[in-house]
Amino acid sequence: KQGQSNDFARMADVVNAQLHKTRGQTIIYMWLFLTFLILVGTSTTLFHYLKCREFVHPSGHTEEYLYRDYSIDCRSDKYLLHRYFCYIMILVYPIGIPLTYFVMLWQHRDTLSDPMAVDREETTGFPTIGHLQFLCSSYKCQFYNFEVLECLRRLLLASAVGIVSSDSAVSPTLGLLICLGFNFVFTKFSPFKMSGDNTIGISLTYSLTLIFLSALLIKVNVTSDKEEDQEIFGIVLLIIILSGPVFVILQLLCLPLCALRRSKQDKHEDTDEDTKDEDKEEEPSEEAPGESKGREDASTQTADLLVDGGPGATAGAPALDEAELAEKVAAAKAAKAERGARKAERKAERQEATQASNEKAKEAQIPEKKVAPPAAAKRSSRIASSGHLEATPQQSPSSLMPRQTQATLARQVSSRATSRRGNSFDKPWEKKIGVVDV
């Protein structure tokens, strides 16, 4: 009873520690979500607090007022005091939040950059990186810290461009350069896991590029004073502004179709893999007598490594719990049984299809008709009955004989002519030895 109570106390401590850890990750997750929401708005307000506009008084002296609120004098003591507070908040929000993201992601870089480690974390419920999934779950493992660069892009487009003077063409030019740089980044690296997210990111960056280009054209006043030209330019600007949202809506509408096509492709690939596995299983195995025994020994050693205290266990290797090991073995058996059932079903379906096709072929089979033998067959039969070859007008007598017989005959003729070279005129008829005479 005392041992059982100790085990129960240890289990309770483990559960409490896990709950405490999960609660802490939830709090951090909510804090990261809140900072993500307020980053751009707060940073833009801080930067605009430093932007003042100068006015020339009729008496000749100049005065400066806040660009967002002309009731605040930029040369007053109160404004100067608040300006120091604004500098501190700039260190906290537009600099501190992305830097915090980078440090938190860098601490778990070994896990976040390894796809296998991320998969193990997912199977166990993300015990160590659960609070960081908000920042890196949408990106590939090699780009786990891409959210920091995304924050920099948002700050540059929303805040840095906003504090530049709006009376000149510097603001749209700066925004155009920033968009072109990030167009290259999105097109070159494709940091998102899903191809649809990469497509949307690239299209929206191009849309922003066109918007800043339109702002630059408006700023330099490229249109003429004619009303027709201004109407055409207005239509072009409207198309440019609406192109990004329209493309996003079309992409969202196409997502179900893409998912359906992807599922069909995956199903077809699974069918091909199962067919290949069945073909491999049906092939006769040519194993040596000792191979199966060696494989059994290897599996035994692997089982010893999984069980605590087994003969194959190595020093310092973590031992699995018996219940956990039993669950894994049962899951493996269930998966194997499911694969076997699926293979049996596919095999039965193929057998039924083959049998049906054979029956259709038998039903459609046409009885063979007797065909009269051709002239060549009649000629070969006459040759066989008469015992000698009969040449046709188109063929020479030697062409009717096999090549091997022709070669043998040629050698015999050559040897006979050589042996009788001295008295070849005694028997002149032998000089006419040919294929037909032989």
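These exercises work through a predicted model, moving from the whole chain to single residues.

Residues are numbered from 1 along each chain as its sequence is written. Because the model is predicted, local features need pLDDT of at least 70 and side-chain atom pairs count only at pLDDT 80 or more, whereas totals for chains, interfaces and linings use all residues; side-chain values use heavy atoms, with hydrogens and water left out.

**Exercise 1. Describe the overall make-up of the protein.**

Step 1. The secondary structure comes to 14 helices and 2 strands, where helices (H or I, at least four residues) and strands (E, at least two) are DSSP runs numbered from the N terminus.

Step 2. Of the 438 residues, 21% are buried; buried means under 20% relative accessible area, exposed means over 50%, and partly exposed lies in between (1.4 Å probe, protein chains only).

Step 3. Taking contact as heavy atoms within 4.5 Å, 58% of the contacts between residues at least 6 apart in sequence join residues at least 24 apart.

**Exercise 2. Work out the surroundings of Ser 43.**

Step 1. Ser 43 lies in helix H1 (residues 2-49), and it counts as buried because its relative accessibility is 0%.

Step 2. A polar atom of the Ser 43 side chain lies 2.7 Å from the backbone oxygen of Leu 39.

Step 3. Not counting residues up to four places away in sequence, Ser 43 touches Ile 38, Tyr 93, Pro 94, Leu 155 and Ser 159.

**Exercise 3. Locate the salt bridge and place its two partners.**

Step 1. A salt bridge is a side-chain nitrogen of Lys or Arg within 4 Å of a carboxyl oxygen of Asp or Glu, and by this rule the count comes to 1.

Step 2. Arg 153 forms a salt bridge with Glu 150, and the closest N and O atoms are 2.6 Å apart.

Step 3. Arg 153 and Glu 150 are separated by about one helical turn, because they are 3 residues apart in helix H7 (residues 146-163).

Step 4. Arg 153 counts as buried at 13% relative accessibility, and Glu 150 counts as buried at 12%.

**Exercise 4. Check the length of helix H8, then follow the chain beyond its end.**

Step 1. The expected span of a helix is 1.5 Å times one less than its number of residues, so the 20 residues of H8 (residues 170-189) should span 28 Å; the end C-alpha atoms are 29 Å apart, which agrees.

Step 2. Buried residues of H8 include Gly 175, Cys 179, Phe 182 and Phe 186, and what covers the buried residues of H8 includes H7 and helix H9 (195-220).

Step 3. Just after H8, Ser 190 takes a positive phi of about 50°; Ser 190 is in the loop between H8 and H9 and counts as partly exposed at 21% relative accessibility.

**Exercise 5. Identify the largest nonpolar core and the helices that supply it.**

Step 1. A nonpolar core is a set of buried Ala, Val, Leu, Ile, Met, Phe, Trp, Tyr and Cys residues joined through side-chain atoms within 4.5 Å.

Step 2. The largest such core has 15 residues, and those touching the most other members include Leu 32, Tyr 101, Leu 105 and Leu 135.

Step 3. H1, helix H3 (96-107), helix H6 (133-136) and H7 each supply at least two residues of this core, with H3 giving the most, 4 residues.

Step 4. Leaving aside neighbours within four places in sequence, Tyr 101 is in contact with Leu 32, Thr 35, Phe 36, Leu 135, Val 148 and Cys 151.

Step 5. Another core, of 14 residues, lies apart from the largest one, and among its members are Tyr 139, Leu 157, Cys 179 and Leu 216.

Definitions and conventions:
Polar contact = N/O pair within 3.5 Å; in protein donor to acceptor, adjacent residues only side chain to side chain.
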